[in-house]
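Colleague: I am new to this model and would like a close look at one part of it. Could you walk me through the empty spaces and the residues around them?

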Amino acid sequence: MSVLVTLWLSLVMIMALLVAAGVFTWVERRGLGFFQERLGPNRVGPFGFFQWIADTVKLMFKADEVPPGGDRLTFRIAPALAATPVLAGFAVVAVAPGWTLAALDVGVIFILAMLALTVYAMVLGAWASRNRYAMLGGLRAAAQMLSYEAFFGLSLMGVVMLAGSLELGAIVAAQEGLWFVALQPLGAALFAIAGIAAAHRLPFDLQESEQDLVAGFMTEYSGMSFALFFLGEYLAVLLVAALATTLFLGGWLGPWLPGPVWFGLKTGLLALAFIWIRAVLPRPRYDQLVAFAWKAALPLALVNLLATGAVVVLKGGA
């Protein structure tokens, strides 16, 4: 693939993802309205569908000032760090055979690294804001990342061992006969918990808990800087859903329909699950999440890894 073709496909992918993230904000608001027995957006366009466009235009022209005493350069860089790494993570996602920008041999590790980089945006944005509530949110984001990352990678290592590869296309191909969610139910459950935390979504959005931190690390942000943080969050939801589809739900595999359609349907349903979880589950205390990550999730991930390794070795020996 030539450099020009790669650049053109990258641009198309980025534009498609930006539109998908914008539409997802409308889907979430309508979905939450349904769960909470209210209408949700219903004025701009049919069923309020163009509300996300109106919000984007509003944020583009809204004042975006650096707070007094804040670090101007870091304050401006932090929002870009929230969205850019997630967009880069989509480059290794395999939508169908041959449908990927970069089929890296370490694709799984690359996506985990890109998701981890988003925490830097929160910490830097909090520090640059010179605001007590923002700083508390940044500290929570850093500690929360250390907690869930401890078992995030381990939860999917069982899949890597069964597939014998870190390349996403090879992992999908290894599920031809049976999806890995049937062979790794514990790993899938732990991945789902860590994935919600990695996407910084309710009930694990403790770094921006409105009830006690105003808006956490985003307290001093407005305008397009605020929009970039939210864009990064919604893109992270789609990336985690795409990764879960690839690792546990057979990726593009399925009867009758084309592979990209199956991939999109599975990813979309998992993204809708994020909305459902936000609507029905309460936010735990900060110390409860950290304690669960270290005392329960990490030991379970290690047990799952040990059991999978034993099965792989025994089958290989047979």
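Modeller: Gladly! On a 1 Å grid over the protein atoms alone, a pocket is an open set of points with protein on both sides within 12 Å along at least five of seven lines; a cavity is a set where a 1.4 Å probe fits but cannot get out, and lining residues have an atom within 4 Å of a point. Points join across faces, edges and corners, and a volume is the space filled by probe spheres set on them. This is a predicted model, in which local features need pLDDT of at least 70 and side-chain atom pairs pLDDT 80 or more, while totals for chains, interfaces and linings use all residues. Residues are numbered from 1 along each chain as its sequence is written, and side-chain values use heavy atoms, without hydrogens or water.

Let us start with the largest pocket, whose volume is about 910 Å³. Its lining has 32 residues, and those nearest the centre are Thr-25, Leu-59, Phe-230, Leu-231 and Tyr-234. Two or more lining residues come from each of helix 1 (3–35), helix 2 (51–60) and helix 10, where helices are DSSP runs (H or I, at least four residues) numbered from the N terminus. Helix 1 gives the largest share of this lining, 10 residues. By class, the largest pocket is lined by 17 nonpolar, 5 polar and 10 charged residues. Here Ala, Val, Leu, Ile, Met, Phe, Trp, Tyr, Cys and Pro count as nonpolar, Asp, Glu, Lys and Arg as charged, and the others as polar.

Helix 2 deserves a short stop, since Leu-59 belongs to both stories. Leu-59 lies among the residues nearest the centre of the largest pocket, and the buried residues of helix 2 are Gln-51, Trp-52 and Leu-59. (Buried means under 20% relative accessible area, exposed over 50% and partly exposed in between, with a 1.4 Å probe and protein chains only.) Helix 1 and helix 10 are among the elements that cover these buried residues of helix 2, and both also help to line the largest pocket. Before helix 2, in the loop that follows helix 1, you will find Glu-37. Glu-37 is exposed, with a relative accessible area of 78%, and its phi is near 60°, a positive value in a residue other than glycine.

Now turn to the second largest pocket, with a volume of about 590 Å³. Its lining counts 22 residues, and Met-13, Leu-17, Phe-90, Val-93 and Val-95 lie nearest the centre. At least two lining residues come from each of helix 1, helix 10 and helix 11 (259–280). Once again helix 1 gives the most, here with 6 residues. The lining of the second largest pocket divides into 17 nonpolar and 5 polar residues, with no charged ones.

Next comes the enclosed space. A search of the whole structure finds 1 cavity of 30 Å³ or more, and about 110 Å³ of space lies in it. Of its 13 lining residues, Met-122, His-200, Phe-229, Gly-232 and Glu-233 lie nearest the centre. Helix 3 (72–89), helix 4 (107–129) and helix 10 each supply at least two residues, and helix 10 gives the most, 4. This lining is made up of 8 nonpolar, 3 polar and 2 charged residues.

Let us linger on His-200, one of the residues nearest the cavity's centre. His-200 sits in the loop between helix 8 and helix 9 and is buried, with a relative accessible area of 6%. Phi of His-200 is near 60°, again a positive value in a residue other than glycine. Most residues other than glycine have a negative phi, and most peptide bonds are trans. The loop also holds Pro-203, which is joined to Leu-202 by a cis peptide bond with omega of about 5°.

Gln-207 is found between helix 8 (185–198) and helix 9 (210–213) too. Gln-207 is buried, with a relative accessible area of 0%. Leaving aside neighbours within four places in sequence, its contacts (heavy atoms within 4.5 Å) include Met-122 and His-200, both of which lie among the residues nearest the cavity's centre. Gln-207 is also in contact with Gly-137, Arg-140, Ala-141 and Gln-144, and with Leu-213, Gly-216 and Phe-217.

For a sense of scale, step from the cavity to Val-311 in helix 12 (residues 286–317). Val-311 is partly exposed, with a relative accessible area of 43%. From Met-122 it is 189 residues away in sequence and 40 Å away in space, C-alpha to C-alpha.
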